[in-house]
Amino acid sequence: MRKAFISPTKYVQGENEIVNLGYFIKTFGDSALLIAHQDDIARVKDKLKQTMEKFGVTIIVSGFNGECSRNEVHRLQQLAKEHACSCTIGLGGGKAIDTAKCVAEGEALIIVPTIAATDAPTSHSAVLYTPEGEFDDYAYFKQSPS
């Protein structure tokens, strides 16, 4: 029987590690599009400010609408282009992370999970929904997030 193991190439965990997020943004450039629910952003906004100051990076808050839909992915890709973002950050639970994977198309991607009850941070796939929250399709990428 054939078996395969697909996983991230890098995993970092630690107290207040979000303060070092800018270090990882710098591996791609100087700016990132942040895809996260407003509640998650509110919880870490002080740490995001610290990392921007510490590493001299810019984090563009996307105004994520809460659904990983084709329309939302397209809107966020346009926002990333408008701001010349070097990478995409998915912070939060499964839908925010899946949306980030779709926006980045599997490239220049940083995942910051806030819940351990999903495989979105490690999988090379994403689930797309309609804007109303009904299942639409799956998206697959050549590698898992790193």
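What is the volume of the second largest pocket? The legends below, drawn from a predicted model, start with that pocket.

**View 1. The second largest pocket and its lining.** This pocket has a volume of about 170 Å³. Its lining is made up of Gln77, Ala80, Lys81, Cys85, Ser86, Cys87, Thr88, Val103, Ala104, Glu105, Glu107 and Ala108. At least two residues of the lining are supplied by each of helix H3 (70-82), strand S3 (87-92) and helix H4 (94-104). H3 gives the largest share, three residues. By class, six residues of this lining are nonpolar, three are polar and three are charged.

**View 2. The packing of helices H3 and H4.** Two packed helices are described by the angle between their axes and the distance between the axes. For H3 and H4, the angle is about 60 degrees and the axes are 9 Å apart. Angles from 35 up to 65 degrees fall outside the parallel and perpendicular ranges, and H3 and H4 are therefore oblique to each other. The crossing in which H3 passes H4 is right-handed.

**View 3. Residues at the contact of H3 with H4.** On the H3 side are Glu72, Val73, Leu76 and Gln77, and they meet Thr99, Cys102 and Val103 of H4. The contact comprises four nonpolar residues, two polar residues and one charged residue. Two of the residues named here, Gln77 and Val103, also line the second largest pocket.

**View 4. The largest pocket.** The volume of the largest pocket is about 910 Å³. It is lined by 32 residues, and those closest to its centre are Val12, Ile110, Ile111, Val112 and Pro113. Helix H1 (21-26) and strand S4 (109-113) are the elements that give two or more residues to the lining. S4 provides the largest share, five residues. Sorted by class, the lining of the largest pocket holds 17 nonpolar, 11 polar and four charged residues.

**View 5. The surroundings of Ser125 in strand S5.** Ser125 belongs to S5, which covers residues 125-129. Beyond its neighbours within four places in sequence, Ser125 is in contact with Asp98, Lys101, Ala139, Tyr140 and Phe141. The C-alpha atom of Ser125 is separated by 8.8 Å from that of Cys102, and the two residues are 23 residues apart along the chain. Cys102 is also one of the H4 residues that H3 meets in View 3.

Methods: Residues are numbered from 1 along each chain as its sequence is written. This is a predicted model: local features need pLDDT of at least 70, side-chain atom pairs count only at pLDDT 80 or more; totals for chains, interfaces and linings use all residues. Side-chain values use heavy atoms; hydrogens and water are left out. On a 1 Å grid over the protein atoms alone, a cavity is a set of points where a 1.4 Å probe fits but cannot get out, and a pocket is an open set with protein on both sides within 12 Å along at least five of seven lines; lining residues have an atom within 4 Å of a point. Grid points are joined across faces, edges and corners, and a volume is the space filled by probe spheres set on the points. Helices (H or I, at least four residues) and strands (E, at least two) are DSSP runs, numbered from the N terminus. Ala, Val, Leu, Ile, Met, Phe, Trp, Tyr, Cys and Pro count as nonpolar, Asp, Glu, Lys and Arg as charged, and the others, Gly among them, as polar. Axes are lines fitted to C-alpha atoms, for helices over the stretch in contact, and angles run from 0 to 180 degrees between N-to-C directions. Angles under 35 degrees count as roughly parallel, over 145 as roughly antiparallel, 65 to 115 as roughly perpendicular and the rest as oblique. A crossing is left-handed if the near helix is turned anticlockwise from the far one by less than a right angle, and right-handed if clockwise. Contact means heavy atoms within 4.5 Å.
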